[in-house]
Amino acid sequence: MCFTFSKISRSHNWNWDGERIVHESIVPSSRPPVGHSKGNYDIDVREFLVSERNVVMRRTLENEIRKFIAKLPHASWEFFRSRDPGSFDFRANIIAEFVAKEIEYTPTNGLDPWQFPEETLALKSGDCEDRALLIASLLLASGISSFNVRVALGKFRTWTKGKQHDFDHVWVMYKDEAGHWQVIEPAHAKKIQKQTEVKKDLPEKAEYVPFYLFNDVHLWQTQQPSVYKKKISEDLKRDWSSLHPEFAGWVHKSLLNKALSADICPPWVLNSLNRHFTSVLWQKSLTVDDVDLPGSYDPRDHFDNGYITDGWDLVKVRLAQFEKESLKNLNAFHLAAHAIADFYAHTSYGHFGSVSKGSLQLFDPDHPDANLAQKPDYGSGSSFDFEKFSRNTNLNKGSAADAAQYWQGQIISGRYAQKGDTHGPAEALTFIPPDLVKKKDFPGRGLLPHHNEIAVDENDRDKAHILYTNKKMYLEQYQLRYDAAVRHIRDAFVKHWKP
C-alpha cells in the first residue's frame, strides 16, 4: 500500500522472539581438537556468542570501535556509551557499520568451521556465519540485552522473473527501541574477496525465512515443517554462507538511496535508516516498512481515509523532533519519510498538482492550494468522477453525488481498513484507532473511493485500480509521484538534519 522502499518482504510473518526451544543445543564443531589433525567434538551453539563479560569484545568496543566512530561524520562515542533514548539503536547501527567496513568478506567453498568472534577479529575476515556471530557478540557486549538479539539460520529466498531461488544463509535480528525486529545483514561488506560473480538477473523481491534462532541463552526452532524431521545438530552445521554480499546489498537498497546521496547524508546514517524498510503488507511485490506492521496502523501515518491535514501535522512534529536532535531521532525521520512518500502515492494531489518541465511540483502543507493546476473536482464527468468508484455503504449510505459534494475542492485519499469494508487479508487484520472512528467526521470518510481503486504505489497497475484506465497513463503518474516523493524527502532531510 505504499511506494516500494526496498525489495525485502514478509519479515513480520515470523516470530523472531523464538518459538519451540531446543534443549539439546549441541552441534559438531567441524574442527579437530587442539593438537590433532583429525576428529571432531561437540559444542553448544550458544558458545559462539560472547557477552559484555568478554574482555576481547570490551577492548574492541573501547579501542577499534571508538576509533571507528571518530572517523564517522557526526557520530559520537559519548552517545554510543550513553543510555539516552536512541543510543541502543545507535550502537546497533555503528556495530553493523563497523563489521561491514572493517571485516573482509571471505567466501568459502563447502562446509567450514564457524569462527569464534575473537578469531574473526584477529583475522579481520570471515564469511556470513563468522560475521553474524561477531555482530551479535558485539551487540551483547555493548550492553544490548540478549532479549533483543537473535542469530537466525535459514533461507534467503528470492524471486526472479517469477522463479523462486533459495540460498542457505545466516543473519542477525535486532529488536529496536520501538519494539520492531530489524535485519542486520552480515553479507554487507565493503571489502570482498572476489571469488564468485553476481548473477546478472537481480530479483524483484526477496524474503528471509528462518529455520533456527539462537542467542547466548536459548536455541529455538521456528514453525517450519521442513526442519522437524531432521537431526538438529547436523542440520545446524550445514554451510549457511551461499549468499553473495553484492547480491544481498542490492536488494536492501531503498527509495532513500535515491533521495539521500552521500553529499547530503553520511552513508552510515543512510544505512541506519534503511534497516527500517524490511516488511511487506502481504502484497505480491509491495515492500514497505515497520510502520505497516499489523497492530501499529494509524491512517494519519499513511494519509489514508482522507486524513490529509492530520497527516502533515504528524510529519511536521516528527521533522521537528529530528531537527532538535537528529542522531537521537533517526526513527522520527524514517516515519516522516514514509509518510511523505505515502502522500504522493495515496492522495489525489498527483492528479491535480501542477507539472512543470516534466516534474510534479512539490506539495506545500502550509499553502495547500499553491501548486495545484486546478481545484480538485470529483463531480460527474470530471477526470476523477466519483461515479467510477465504490463507497462504504455500511458506514455512509450517500450517493456518488453526495460524496463529490462532500469532498469537492479537497485533496483526498482512499478509504482503508474501515469496518465491514475489507478488500484483502491484510486489510482484514488492520484496525483504525477507536478515537478516530468515534469522531463526528468519520462517516464522511466512508464516501471516499477505496485505496486500491485510486492509489499509485507500485510501478505495475493492480487489477483493482480504476482511476487510470491504461498502463501508459498509470506509469506516467507513478513516475511523477515517485520522483516528487524522492525530491520532497531529500529537501526535508537537508532542511532538518542538525547533527
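## Getting started

A helix here is a DSSP run of H or I with at least four residues, and helices are numbered from the N terminus. With that in hand, welcome to this structure, which is a predicted model.

## The chain as a whole

The protein chain has 499 residues, and 57% of them count as buried. Its secondary structure comprises 19 helices and 15 strands.

How much area does the protein chain expose? The figure is about 21,600 Å², with 50% of it supplied by carbon and sulfur atoms. Looking at contacts between residues at least 6 apart in sequence, 69% join residues that are at least 24 apart.

## Three strands, two hairpins

Let us follow the chain through strands S7, S8 and S9. Strand S7 covers residues 149-160 and pairs with S8 in the antiparallel sense, with twelve bridges between the two. One pair to look for is Val149, whose bridge partner in S8 is Tyr174. The hairpin of S7 and S8 has two residues between the strands, and Lys161 there takes a positive phi near 50°.

Strand S8 (residues 163-175) also runs antiparallel to S9, joined by four bridges. Here Val172 has Ile184 of S9 as its bridge partner, while Met173 stands opposite Val183 in S9. S8 and S9 form a hairpin too, this time with five residues between them. In that turn, Gly179 has a positive phi of about 90°.

Which way do the residues of S9 (residues 181-184) point? Trp181 and Val183 point one way, Gln182 and Ile184 point the other way, and all are buried.

## A buried aspartate

Next stop: Asp342, which is placed in helix H13, a helix made of residues 330-346. Asp342 is buried, yet it has no salt bridge. Where is the nearest side chain of opposite charge? That side chain belongs to Arg318 and is 9.2 Å away. A salt bridge would need a side-chain nitrogen of Lys or Arg within 4 Å of a carboxyl oxygen, so Arg318, at 9.2 Å, does not form one with Asp342.

Asp342 does have polar contacts with histidines. Its side chain makes a polar contact with the side chain of His302 at 2.9 Å. The side chain of His338 also makes a polar contact with the side chain of Asp342, again listed at 2.9 Å.

## Two residues with positive phi

Most residues other than glycine have a negative phi. His74, however, has a positive phi near 75°. You will find His74 in the loop between helix H1 (55-71) and helix H2 (77-81). Is His74 buried or exposed? Its relative accessible area is 41%, so His74 counts as partly exposed.

Phe303 is another residue with a positive phi, about 60°, although it is not a glycine. Phe303 sits in the loop between helix H11 (299-302) and helix H12 (308-324). With a relative accessible area of 0%, Phe303 is buried.

## An exposed lysine

Our tour ends at Lys471, in helix H19 (residues 471-496). Why does Lys471 count as exposed? Because its relative accessible area is 71%, and the cut-off for exposed is over 50%. Lys471 and Arg461 are ten residues apart along the chain, and their C-alpha atoms are separated by 6.5 Å.

Note on methods. Residues are numbered from 1 along each chain as its sequence is written. This is a predicted model: local features need pLDDT of at least 70, side-chain atom pairs count only at pLDDT 80 or more; totals for chains, interfaces and linings use all residues. Side-chain values use heavy atoms; hydrogens and water are left out. Buried means under 20% relative accessible area, exposed over 50%, partly exposed in between (1.4 Å probe, protein chains only). Contact means heavy atoms within 4.5 Å. Accessible areas come from the Shrake-Rupley method with a 1.4 Å probe; for residues, only the protein chains shown count as cover. Two strands pair if DSSP finds at least two bridges between them. Lys and Arg count as positive and Asp and Glu as negative; His and the chain ends are not counted. A polar contact is a pair of N or O atoms within 3.5 Å; within protein, one must be able to donate a hydrogen and the other to accept it, and residues adjacent in sequence count only if both atoms are side-chain atoms.
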